[in-house]
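User: Hey, got a minute to go through this one with me? I'd like to start with how the strands pair up.

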Amino acid sequence: MRKVDVLVVGAGPAGLSLARSLAGSGLSLAIVEQQPAAALAEPAFDGREIALTHASRQIMQAMGLWQRIAPAEISPLRSARVMNGSSPFALGFAAERENVEELGWLVPNHLIRRAAWEAVQGQENLELLDGTSVAAIETGPAANVVTLADGRKLAARLVVAADSRFSVTRRMMGIGAQMRDFGKSMLVCRLQCERPHKHEAWEWFGYGRTLAMLPLPRNQASAVITLPPQQIQELMAMDDAHFGQAVTGFFEHRLGQMQPVSTRHAYPLVGVYAKRMVGPRYALVGDAAVGMHPVTAHGFNFGLQSQQRLSALINDAADNGADFASSSLLARYERGHRLATRPLYEATNAIASLYNDSRLPARVLRGAALRAAHGLVPFRKMIAGHLTQRMA
């Protein structure tokens, strides 16, 4: 039976980033991934554009990921507006008010995945076990024995799950999760805009649907449309011309004619928060720990923070010859990540519930809440600061 120090389940950005953050630790690492290596090396466009904070950019730069993404594919976010129904009022945020050039940056998800893959190539003490999955986990006092679908067994001193918000290994470990199914689906697609977007993002809570517009290079935009699944499927079935007309109408021609320039992709809207983030020689990172509703665009940022928080503790323990998978160390990781994520997770769910409710009382409360947020300067400063704050 092979022995490794850390076994990472899932070669998405969170799992690969953790492996990269542990480079130079002297620990032996293995990554288990269902997809073949060829698919990891050239990930397909999936429609998702990731909003990155200043702290996330710092983390990616430190790991060598940011430098691997072509500058022409990175779109600065200079302002943002939150709108409610047909009201002319909007809650606004602007980089110039915060004395920064950008509130954040938008980067295609598939390019982040590719950069993470490239960053770990040639890394010492790292092995990829691709084209297979975890079939069973048996916990033990010194190591967990992991059985793979192809019959191989590995003894790992620490197993880290980075296998999505629907984590299979989380369930194997008997860890439940608070799941919030919003009963909606999200369609994402790139479109060419007739009018300039000026690098401003919109979040538009309509009645019966939610729209987001994310500004991209070359005056393109990513449209994020949230509707009941049946209506999303109707949009997915349209030809490009009719789809472009429909989206142009959704945005009330504010950016002129909008014409699709990419494939369309639909995803179910489900929020997930693990009831425990650690177990015996086991930890959750990325979406396996916290899977956010996209309304606050913070899910990937939390994923980066989780692997950085855990890897910092592991590296420190390894440097000092301590047990990097001890229950006390993992408890410290869990406490830190809960403190950093739980408030925004609950606030995001509350916002999504309120602004997806089209009943009259909710409509009144929606407008009042937005105006109250606008009037509270400390609140707006807190949100902007959350985007622009750098790592210590």
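Analyst: Sure. A quick term before we start: two strands count as paired if DSSP finds at least two bridges between them. And keep in mind that this is a predicted model.

User: Fine. How many bridges join β12 to β15, and which way do they run?

Analyst: Eight bridges join β12 to β15 (residues 220-227), and the two run antiparallel. One place to look is Q192, which stands opposite Q220 in β15.

User: What about β12 and β17, parallel or antiparallel?

Analyst: Antiparallel, with nine bridges between β12 and β17 (residues 265-274). If you want a landmark there, M186 has Y267 of β17 as its bridge partner.

User: And how many bridges does β12 have with β16?

Analyst: Three, again in the antiparallel sense, with β16 covering residues 258-260. C193 is bridged to M258 in that strand.

User: OK, following the chain on from there. Where does K198 sit?

Analyst: K198 is in the loop between β12 (177-193) and β13 (200-205). Its phi is positive, near 55 degrees, and it isn't a glycine. H199 lies in that loop between β12 and β13 too, and phi of H199 is also positive, near 55 degrees.

User: Is K198 buried or exposed? And why?

Analyst: K198 counts as exposed, because its relative accessibility is 67% and the cut-off for exposed is over 50%.

User: Then H199, buried or exposed?

Analyst: H199 counts as buried, because its relative accessibility is 19% and buried means under 20%.

User: Changing topic: the inside. Which residues touch the most other members of the largest nonpolar core?

Analyst: V6 and M60, in a core of 47 residues. Helix α4 (residues 109-120) gives the largest share of this core, seven residues. There's also a second, separate core of 27 residues, with I137, M277, A289 and M292 among them.

User: Any general background on why cores like that turn up?

Analyst: In soluble globular proteins, nonpolar side chains tend to be buried together.

User: Back to M60. What is M60 in contact with, leaving aside neighbours within four places in sequence?

Analyst: The list is L52, L65, W66, Q67, I69, I112, F300 and L304.

User: Which residues of its helix, α3, are buried?

Analyst: α3 spans residues 54-63, and its buried residues are H54, A55, S56, I59, M60 and M63. Right after α3 comes G64, with a positive phi near 85 degrees.

User: And α1, how many of its residues are buried?

Analyst: Eight of nine, so that helix (residues 13-21) is mostly covered. The buried ones are P13, A14, G15, L16, S17, L18, A19 and S21.

User: Let's zoom out. How many helices and strands does the protein chain have?

Analyst: Eleven helices and 20 strands. The chain has 392 residues, and 54% of them count as buried.

User: What share of the contacts join residues at least 24 apart?

Analyst: 74%, counting contacts between residues at least 6 apart in sequence.

User: Last one: what does the accessible surface come to?

Analyst: About 16900 Å² for the protein chain, with 54% of that belonging to carbon and sulfur atoms.

Notes:
Residues numbered from 1 in each chain as written. Predicted model: local features only at pLDDT ≥ 70, side-chain atom pairs only at ≥ 80, totals over all residues. Heavy atoms only, no water. Core = buried A, V, L, I, M, F, W, Y, C linked by side-chain atoms within 4.5 Å. Buried < 20%, exposed > 50% of the residue type's maximum accessible area, 1.4 Å probe, protein only. Helix = DSSP H or I, 4+ residues; strand = E, 2+ residues; numbered from the N terminus. Contact = heavy atoms within 4.5 Å. Areas by Shrake-Rupley, 256 points an atom, 1.4 Å probe, with all protein chains shown as cover.
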